[in-house]
Amino acid sequence: MITVGKGNETMTESGINILGLSGSTRKESYNTKLLMVALERAELKGARTTQLDLGTINLPFYDADLEGQSGLPDEVRNLKKQFEEADGLMIATPEYNGFFPGLLKNCFDWLTRRTGPEDPILSAFSGKVAGLMSATVGGSGGVRSLTSLTSQLHYLGVTVLPRPFSLIHAGKSFTNGGALPVENMNALDDMSAALLHALRKSD
Ligand SMILES: Cc1cc2nc3c(=O)[nH]c(=O)nc-3n(C[C@H](O)[C@H](O)[C@H](O)COP(=O)(O)O)c2cc1C
């Protein structure tokens, strides 16, 4: 176990890789901001984190004809590799009409496709543990998007941490520097701790 220092904090290098993704590609997305805070909290606890930007990955809509003609696009293969290499996931999802957005669904659908018969079924998802969060401008906190996303991830074989994090009135919550009120930071710390704990146990 290596111990590395960062600023005033001492981090314990746990060797745990967390992949973070946001279900919004909006430039000023509250969910992306929330994800960034959550990943930072996980890093302070010793995780290695990578933030995926689905807006920069040119994923086509899933099309079986496209897959039949040319196999899995390179973007999907690369994405799949990143998922396979991750131990845990942090996902921040907007709520669109009471559901998690199509951007995430399309990404998951591609990720379930196999590169060939030697590629294990659901290799991008199996054994993963996920911490979920949602930011909404209104007062719902994305409870329906979190429920639908949880159901989707269970179907794919991902263990979802109980008690996802909801950020209500997101437009009023972030400081200019992207920070959140202390009670929100504490809740995100708790989620990071629970995720790392679950991943250490599943080693
Ligand atoms: C198509 C669409 C549907 C939406 N549906 C909901 C909804 O069902 N519940 C809700 O609380 N907010 C809803 N919203 C508002 C989003 O929560 C809000 O736009 C949020 O800021 C989007 O996340 P982002 O900031 O990460 O892009 C909807 C927004 C859009 C564009």
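These are my notebook entries on a predicted model of a protein chain with a ligand.

**Entry 1: the fold**

I began with the secondary structure. I found six helices and eight strands in the protein chain. Following the sequence from its start, I wrote the order down as β-β-β-α-β-α-α-β-α-β-α-β-β-α. The pattern opens with three strands and ends on a helix.

**Entry 2: overall dimensions**

Next I looked up the extent of the chain. Its C-alpha atoms fill a box of roughly 50 × 45 × 30 Å along the principal axes. I then asked myself how the radius of gyration compares with that of a compact globule. For 203 residues, such a globule would come out near 17 Å, and the protein chain has 17 Å, so the two agree.

**Entry 3: inside and outside**

I turned to burial and surface. Of the 203 residues in the protein chain, 46% are buried. The accessible surface comes to about 10,600 Å², and carbon and sulfur atoms account for 51% of it. I also checked contacts between residues at least 6 apart in sequence: 77% of these join residues at least 24 apart.

**Entry 4: around the ligand**

Which residues are closest to the ligand? I noted Ser 24, Arg 26, Ser 29, Asn 31 and Asn 97, out of 14 residues that surround the ligand. By type, the shell divides into four nonpolar, seven polar and three charged residues.

Then I went through some individual atom pairs. The side chain of Asn 31 places an N or O atom 2.8 Å from an oxygen atom of the ligand. At Tyr 30 the partner is a polar backbone atom, 3.0 Å from an oxygen atom of the ligand. For Glu 95, I found an N or O atom of the side chain 2.9 Å from a nitrogen atom of the ligand. Taken alone, the ligand would expose 620 Å², and the protein buries 70% of that.

**Entry 5: a stop at Ala 198**

I finished with one residue in the last part of my list. Ala 198 sits in helix H6, which covers residues 182–201. Is Ala 198 buried or exposed? Its relative accessibility is 19%, and because buried means under 20%, Ala 198 counts as buried.

What does Ala 198 touch, leaving out residues up to four places away in sequence? I noted Val 129 and Leu 161. I also looked up its separation from Thr 56: the two are 142 residues apart in sequence, and their C-alpha atoms are 31 Å apart in space.

Key
Residues are numbered from 1 along each chain as its sequence is written. This is a predicted model: local features need pLDDT of at least 70, side-chain atom pairs count only at pLDDT 80 or more; totals for chains, interfaces and linings use all residues. Side-chain values use heavy atoms; hydrogens and water are left out. A residue is near a molecule or strand if one of its heavy atoms lies within 4 Å of it. A polar contact is a pair of N or O atoms within 3.5 Å; within protein, one must be able to donate a hydrogen and the other to accept it, and residues adjacent in sequence count only if both atoms are side-chain atoms. Accessible areas come from the Shrake-Rupley method with a 1.4 Å probe; for residues, only the protein chains shown count as cover. Ala, Val, Leu, Ile, Met, Phe, Trp, Tyr, Cys and Pro count as nonpolar, Asp, Glu, Lys and Arg as charged, and the others, Gly among them, as polar. Helices (H or I, at least four residues) and strands (E, at least two) are DSSP runs, numbered from the N terminus. The radius of gyration is taken over C-alpha atoms; the globule rule is 2.2 Å times the number of residues to the power 0.38. Buried means under 20% relative accessible area, exposed over 50%, partly exposed in between (1.4 Å probe, protein chains only). Contact means heavy atoms within 4.5 Å.
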